[in-house]
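Trainee: Could you take me slowly through one part of this model, the surroundings of the bound ligand and the metal ions, and explain each term as you use it?

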Amino acid sequence: MITGIELQKILSWPLRFDLHTHSNHSDGEYSPEELIKYAKKRNIDVIALTDHDNLSGIERAKKAAEEENIHLVAGIEISTLWHSNQIHIAGLCVDINNPVLKAHVEKQSVLREERAHAIAEKLENCGFKDVYEKTRAMSSEGGSLTRANFAAFLVTQNVAATADKCFDLYLTKGSRAYVSSKWGPIDEAINAIKAAGGIPVLAHPKRYDMNNNWLKRLITDFKAAGGEGMEVSGGMQNQAERQFLADLCVQHELLASCGSDFHRIKKYIDLGINLEIPEQATPVWRSPKFKLEV
Ligand code: AMP
Ligand code: MN
Ligand code: MN
Ligand code: MN
């Protein structure tokens, strides 16, 4: 664990941060080791692994980060529901052994497993065979299954060439294998992250299907519930949007985070690309709670 003066020394250098990424412990393509190796290749200095409702990849990532000489933040991306919207909250710098966080992750994992079986059943009704087993076999042991994992399974069944297309065909709201989610409210996720000493960060605010008035309501509720940061910089983004988010961030006295939400190499999305934080916002690594595993 790197904290205190040593951390301040490291953070005083101009560093490349990517604080939102996935491994195959949820719906990313790479194992934690492959992800860390790739981050090194992409010249990232500080990477956070933030798998969906899952911490099981962190130890592997930590070991790999030690070997590759790259800094790791222990993270998670927790799914929540707010006014029927699926809102994602990243937890950065969490203690992965904290019992409150572990209990919340266990609760989410039970919900994810129930939903995965329900999705698999619907896909079997569409004619696919052994859906749960085959999808599970494609991810890491202890990992969580998201709808994107089922989209990856559908690619192996030659449904379409890309996971995005398969997702659109079977897994979006209103399509044949859609199953609604019963995630907890935002304050539960925020409390669990804070109990583990972590920093709750509202993930990809512009990716929710809501207008700016609703987005401002969400940010207000997030802050009131104890939220501490929001992502203002997410790779595939124009300057105006980033500026808009940086202004909101300052208005709501939140810290600014940046992350590619990397799942796999894709057109326009890559680790560490285009992740600068506008000057008026305070970066999340200025938080006294910020710490590095390695
Ligand atoms: P879940 O949390 O299980 O509902 O799955 C959400 C994940 O599915 C997200 O983290 C994305 O990786 C992926 N996803 C969400 N929407 C889409 C979409 N329209 N097309 C492709 N992937 C998507
Ligand atoms: Mn995902
Ligand atoms: Mn997300
Ligand atoms: Mn994500």
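Mentor: Ligand 1 is surrounded by D27, H52, Q86, R112, R115, T146, R147, A148, D164, F167, D168 and H263, where a residue counts as near a molecule or strand if one of its heavy atoms lies within 4 Å of it. Before we go on, please keep in mind that this is a predicted model, in which local features need pLDDT of at least 70 and side-chain atom pairs count only at pLDDT 80 or more, while totals for chains, interfaces and linings use all residues. Residues are numbered from 1 along each chain as its sequence is written, chains are lettered from A and ligands numbered from 1 in the order in which they are written, and side-chain values use heavy atoms, with hydrogens and water left out.

Sorted by class, the shell around ligand 1 holds six charged, four polar and two nonpolar residues; here Asp, Glu, Lys and Arg count as charged, Ala, Val, Leu, Ile, Met, Phe, Trp, Tyr, Cys and Pro as nonpolar, and the others, Gly among them, as polar. The helices α4 (99–125), α6 (147–156) and α7 (163–170) each supply at least two residues of this shell, and α7 gives the most, with three residues. Helices (H or I, at least four residues) and strands (E, at least two) are DSSP runs, numbered from the N terminus.

Three side chains deserve a closer look, since each has a polar atom that faces an oxygen atom of ligand 1. For R147 the separation is 2.7 Å, for H52 it is 2.9 Å, and for H263 it is 3.1 Å. Of the 500 Å² of accessible area that ligand 1 has on its own, the protein covers 77%; such areas come from the Shrake-Rupley method with a 1.4 Å probe, and for residues only the protein chains shown count as cover.

Turn now to the metals. The manganese ion (ligand 3) is coordinated by E77 through OE, H88 through ND1 and H204 through NE2, at 2.1 to 2.2 Å, where donors are N, O and S atoms within 2.8 Å of the metal (3.2 Å for Na, K and Ca), and where sites may look incomplete, as water is not among the atoms. Along the sequence, the donor residues of this ion are spaced E-x10-H-x115-H. Of these residues, E77 lies in strand β3 (residues 71–82) and H88 in strand β4 (residues 85–92), eleven residues apart. E77 counts as buried because its relative accessibility is 1%, and H88 is buried as well, at 16%; the word buried means under 20% relative accessible area, exposed means over 50%, and partly exposed is in between (1.4 Å probe, protein chains only). The distance between the manganese ion (ligand 3) and the manganese ion (ligand 2) is 5.6 Å.

E77 also serves the manganese ion (ligand 4), whose protein donors are H20 (NE2), H22 (NE2), E77 (OE) and D261 (OD), lying 2.1 to 2.2 Å from the metal. Their spacing in sequence is H-x1-H-x54-E-x183-D. Two of these donors come from distant parts of the chain, with H22 in the loop between β1 (17–21) and α2 (32–41) and D261 in the segment after β7 (255–258), 239 residues apart. Both H22 and D261 are buried. This ion, ligand 4, is separated from the manganese ion (ligand 2) by 4.6 Å.

Finally, consider D53, which lies in the loop between β2 (46–49) and α3 (58–68) and is buried, with a relative accessible area of 1%. Its side chain makes a polar contact with the side chain of R112 at 2.9 Å, and R112 is one of the residues that surround ligand 1. The D53 side chain also reaches the backbone nitrogen of S79, at 3.1 Å. A polar contact is a pair of N or O atoms within 3.5 Å; within protein, one must be able to donate a hydrogen and the other to accept it, and residues adjacent in sequence count only if both atoms are side-chain atoms. If neighbours within four places in sequence are left aside, D53 is in contact (heavy atoms within 4.5 Å) with I76, E77, I78, S79, V105, Q108 and R112. D53 therefore sits, as a buried residue, in contact with both E77 and R112.
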